[in-house]
Amino acid sequence: MTIEVQGAGRLLQVGTATEIGRRYPANFDVLHTAELQRRPGLCAVVADGMGAGEGSRTAGRTAVDIFTTAVQEHRGPFAPPPLFAAVADAQRQVRAAGKSLRELTGCTLTALVADATGAWVTQIGDSRVYRLRGGLLELLTIDHTEAWLGAVHGWFPADSPQAEAARYQLHRFIGHPGLPEPDVLSVTMFPGDVYCLCTDGIAEQVPYQRMEATLSSGAPPDVMASALVAASLEAGGRDNATAVVVKVF
């Protein structure tokens, strides 16, 4: 898919890939990429369901559908308020679904929305957004997990058994009873940038150096996304793995 963002003077090329992996009976990741309907632009979203039941499947699908519908129906420039509102609506409806299902019903949600006025990242949970610029691969988001807090504050080594267990303790997610807000940040797209949205099946299995080499390869976005998913399988395929790669021209 190729999308031109008028006004910002940018051409975006988008590639995607997703893989069930070797652990779960189905793929509980949800992937969505589409052109904006009301004006030139892009809406890219990944969600990762929590667990392997109907609550996981329902949360991911519901959250992505609600968020993308809100984005597509929004009139005027994007800014934090409509993105916060879209996540708040997803929170309410996923919570309602959870009460009906009577099981864990939750998911992460990470999105990149771009139009002629700029680009915005919205993130809640532990799916991530990376950016390659000038040869440097940076992580633009943080994980809303006990593992992240522990690593940052030195509670335990990042590669310790304690950190591994803490990966599954999310402080913020869609479906949380406290209805927490996402992180929303503005990003400026420069020619040559490469953005990667991915679930933790990529982030926790593909080493930084492998991701950096893949995103700096100059390959088409769909080839890079597929390479990241393949690398997750090589690392063991312990989780569903999903990647969206966006090249900026």
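Modeller: Let's start with a yardstick: a residue is buried under 20% relative accessible area, exposed over 50%, and partly exposed in between. Keep in mind that this is a predicted model.

Biologist: Thanks! Why is aspartate 183 called partly exposed?

Modeller: Its relative accessible area is 23%, and partly exposed covers the values between 20% and 50%, so aspartate 183 is partly exposed.

Biologist: And what makes arginine 172 and aspartate 183 a salt bridge?

Modeller: The closest N and O atoms of arginine 172 and aspartate 183 are 3.1 Å apart. The cut-off is within 4 Å, so the pair counts as a salt bridge. Arginine 172 lies in the loop between H4 and S9, while aspartate 183 is in strand S9, 11 residues apart.

Biologist: How do you know that arginine 167 and aspartate 200 form a salt bridge?

Modeller: Here the closest N and O atoms are 3.5 Å apart, and the limit is again 4 Å, so the pair qualifies. Arginine 167 and aspartate 200 also belong to a salt-bridge network with Glu164 and Glu204.

Biologist: Why is aspartate 200 called buried?

Modeller: Aspartate 200 has 7% relative accessibility, and buried means under 20%, so the word fits. Arginine 167, at 14%, is buried by that rule too.

Biologist: What makes the pair of tyrosine 24 and phenylalanine 28 edge-to-face?

Modeller: The ring centres of tyrosine 24 and phenylalanine 28 are 6.5 Å apart, with planes at 90°. Centres within 6.5 Å make a pair, and planes over 60 degrees apart count as edge-to-face, so that name applies. A search of the whole structure finds one aromatic pair.

Notes. Residues are numbered from 1 along each chain as its sequence is written. This is a predicted model: local features need pLDDT of at least 70, side-chain atom pairs count only at pLDDT 80 or more; totals for chains, interfaces and linings use all residues. Side-chain values use heavy atoms; hydrogens and water are left out. Rings of Phe, Tyr and Trp (its six-membered ring) pair if their centres lie within 6.5 Å; planes under 30 degrees apart count as stacked, over 60 as edge-to-face and the rest as tilted. A salt bridge is a side-chain nitrogen of Lys or Arg within 4 Å of a carboxyl oxygen of Asp or Glu. Buried means under 20% relative accessible area, exposed over 50%, partly exposed in between (1.4 Å probe, protein chains only). Helices (H or I, at least four residues) and strands (E, at least two) are DSSP runs, numbered from the N terminus.
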